[in-house]
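Colleague: I would like a close look at a single part of this model, taken slowly enough for a first-year student to follow. Could you walk me through it in one connected answer?

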Amino acid sequence: MNGYSEIEREKANLINATSISLEQLEKSKNETLYFEKQRAMNQVRQRVFQHAVQGALGTLNCCLNTELHFRTIRANIGILGSLEWKR
């Protein structure tokens, strides 16, 4: 009877230890999933931000090129206008 009680106690200890290990594994899995989700969201945010910055730079360059073009035309008109006044 004493040996049977010892086996039952060991069985209960093993079941308890297994249960604790499974809980820890589940907790680790959930933490890993959370951090992977956070990492994926940060990567998406970074890509969206980079895309927005590239779009803004493209718009800015277009505006600057247009402004430079208009300034060049105005300068040329000014030069041509001054040439006519000298005649």
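Modeller: A helix here is a DSSP run, of type H or I, of at least four residues, and helices are numbered from the N terminus. With that in mind, please remember throughout that we are looking at a predicted model. The part to look at is helix 1, which covers residues 2-86 and holds Glu-23. To get a sense of its reach, take Glu-23 and Ile-73, which are 50 residues apart along the chain and whose C-alpha atoms are separated by 75 Å. Glu-23 itself is exposed, because its relative accessible area is 54% and the word exposed is kept for values over 50%.

Let us turn to the charged side chains. A search of the whole structure finds five salt bridges, and three of the pairs found can be followed one after another. Glu-26 forms a salt bridge with Lys-29, and the closest N and O atoms of this pair are 3.2 Å apart, which fits the limit of within 4 Å that a salt bridge must meet. Because Glu-26 and Lys-29 are three residues apart in helix 1, they are separated by about one helical turn. Both partners count as partly exposed, since Glu-26 has a relative accessibility of 39% and Lys-29 has a relative accessible area of 41%.

Further along the chain, Glu-36 forms a salt bridge with Arg-39, where the closest N and O atoms are 2.8 Å apart. Glu-36 and Arg-39 also lie in helix 1, three residues apart, and this spacing is about one turn of the helix. Glu-36 is partly exposed, with a relative accessible area of 39%, and Arg-39 is likewise partly exposed, at 47% relative accessibility.

The pair of Glu-67 and Arg-71 forms a salt bridge as well, with its closest N and O atoms 3.1 Å apart. Here the two residues of helix 1 are four residues apart, which is again about one turn of the helix. Glu-67 is partly exposed, with a relative accessible area of 32%, whereas Arg-71, at 53% relative accessibility, counts as exposed.

Not every side chain at the surface is charged, however, and a nonpolar patch shows this. Phe-49, Val-53, Leu-57, Leu-60 and Leu-64 together make a nonpolar surface patch of about 490 Å². One of these residues, Leu-57, lies in helix 1 and counts as partly exposed, because its relative accessibility is 46%.

Finally, consider the cysteines, where it is tempting to expect a bond simply from the neighbouring numbers of Cys-62 and Cys-63. The structure holds zero disulfides. For Cys-62, the closest cysteine sulfur is that of Cys-63, and the two sulfurs are 5.7 Å apart, which is too far for a bond, because a disulfide needs the sulfur atoms to be within 2.5 Å. Seen from the other side, Cys-63 is in no disulfide either, and its nearest cysteine sulfur is that of Cys-62. Cys-62 counts as partly exposed at 47% relative accessibility, and Cys-63 counts as partly exposed at 46%.

Definitions and conventions:
Residues numbered from 1 in each chain as written. Predicted model: local features only at pLDDT ≥ 70, side-chain atom pairs only at ≥ 80, totals over all residues. Heavy atoms only, no water. Buried < 20%, exposed > 50% of the residue type's maximum accessible area, 1.4 Å probe, protein only. Patch = residues over 30% accessible without salt bridge, like charges linked within 9 Å, V, L, I, M, F, W, Y side chains within 5 Å. Areas by Shrake-Rupley, 256 points an atom, 1.4 Å probe, with all protein chains shown as cover.
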